[in-house]
Amino acid sequence: MPIPGFIVELRRAVGTAPLWLAGVTAVTIRDGQVLLVQRSDNGAWTAVTGIVEPGENPADCAAREVTEETGVSARATRLAWVHVTRPTVHANGDQAQYLDHVFRMQWLSGEPFAADDETAAAQWFDLDDLPPMTANMRRRIALSASDDSRTVFDTNAPAERA
């Protein structure tokens, strides 16, 4: 997974110490299907995820990440869930924890393909026939696919696994 330039600079100062970062999960829905990517680092099927760049609006980040990883054009229509992930230790030893903004995305155009080195595959899946994935990722998708217009805030829940 490419590391954003601003994180490379921060790591020069803090090494592998924990970083608090803003992240996004972009759940793109089209005709009862969800756009998923197979991550090239671990083979997991997930919605598109990414790190918000300094000064970037999280909704804009979600749209950018969808295009960068799948070639699809989409726009954020709803903030479905805001939660804190559990602390993560990446393969290179870097530690991080994310404030994740989960967006429901509206498909605008394009058909998915593995558009960068982060993505091994990209395709549409029926919402009722998802590939194996973590319970947390299933929750991100379910909350985004729901017709409920409210945003979920887990204020008293323990941080969940990314």
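Leaving aside its neighbours within four places in sequence, which residues is Gly23 in contact with? In this predicted model, the residues in contact with Gly23, once those neighbours are set aside, are Gly50, Ile51, Val52, Leu99, Asp100 and His101. Gly23 itself belongs to strand S1, which covers residues 19-30, and its relative accessible area of 3% places Gly23 in the buried class, because that class takes in values under 20%. Arg78, by comparison, is separated from Gly23 by 55 residues in sequence and by 16 Å in space, taken from C-alpha to C-alpha.

The surroundings of Gly23 can be set against those of strand S1 as a whole. Of the 12 residues of S1, 10 are buried, so the strand is largely enclosed by the rest of the structure. Strand S1 pairs with S7 in the parallel sense, over 11 bridges, and within this pairing Thr25 stands opposite Val102 of S7. Strand S1 also runs antiparallel to strand S4 (residues 48-51), to which 4 bridges join it, and here Thr25 has Thr49 of S4 opposite it. Thr25 therefore has a residue opposite it in S7 as well as one in S4, because S1 pairs with both strands under the requirement of at least two bridges.

A further pairing of S1, antiparallel and made over 2 bridges, is with S2, where the bridge partner of Arg30 is Gln33. The hairpin formed by S1 and S2 has 2 residues between the strands, and in this hairpin Asp31 takes a positive phi near 50°, a positive value in a residue other than glycine. Asp31 lies in the loop that runs between S1 and strand S2 (33-39), and Asp31 counts as exposed because its relative accessibility is 75%. Arg30, besides its bridge to Gln33, places its charged end over the ring of Trp107, at 4.8 Å from the ring centre.

Strand S7 (residues 95-109) is also joined to strand S5 (residues 73-84), by 10 bridges, and these two strands run antiparallel. In that pairing Ala76 stands opposite Met105 of S7. Strand S5 pairs in addition with strand S9 (residues 152-153), in the parallel sense and over 2 bridges, with Trp81 standing opposite Val152 of S9. The ring of Trp81 also has a charged group over it, namely the charged end of Arg139, which sits 4.4 Å from the ring centre.

Helix H3 (residues 135-145) includes Ser144, which counts as buried because its relative accessibility is 0%. The side chain of Ser144 reaches the backbone oxygen of Arg140 at 2.9 Å. Beyond residues up to four places away in sequence, Ser144 touches Val27, Arg78, Ala80, Val102, Phe103 and Arg104. Among these, Val102 is also the residue of S7 that stands opposite Thr25. Helix H1 (residues 5-14) contains Leu10, and Leu10 counts as partly exposed because its relative accessibility is 35%. Leu10 and Val89 are separated by 79 residues in sequence and, from C-alpha to C-alpha, by 16 Å in space.

With respect to aromatic rings, the count comes to 1 aromatic pair. This pair is formed by Trp45 and Phe125 in an edge-to-face arrangement, with 5.0 Å from centre to centre and 70° between the planes. Distant parts of the chain are linked by the pair, since Trp45 lies in strand S3 (residues 45-46) and Phe125 in strand S8 (residues 119-126), 80 residues apart. Trp45 and Phe125 are both buried.

As regards annotation, an unreviewed UniProt entry lists residues 19-147 under "domain: Nudix hydrolase". In the model, the span of residues 19-147 is 19% helix and 48% strand, and the C-alpha atoms at its ends lie 34 Å apart.

Terms used
Residues are numbered from 1 along each chain as its sequence is written. Side-chain values use heavy atoms; hydrogens and water are left out. UniProt positions are given in the numbering used here, feature names are shortened, and annotations may be inferred rather than shown by experiment. Rings of Phe, Tyr and Trp (its six-membered ring) pair if their centres lie within 6.5 Å; planes under 30 degrees apart count as stacked, over 60 as edge-to-face and the rest as tilted. Buried means under 20% relative accessible area, exposed over 50%, partly exposed in between (1.4 Å probe, protein chains only). A charge sits over a ring if NZ of Lys or CZ of Arg is within 6 Å of the ring centre and within 35 degrees of the ring normal. Contact means heavy atoms within 4.5 Å. A polar contact is a pair of N or O atoms within 3.5 Å; within protein, one must be able to donate a hydrogen and the other to accept it, and residues adjacent in sequence count only if both atoms are side-chain atoms.
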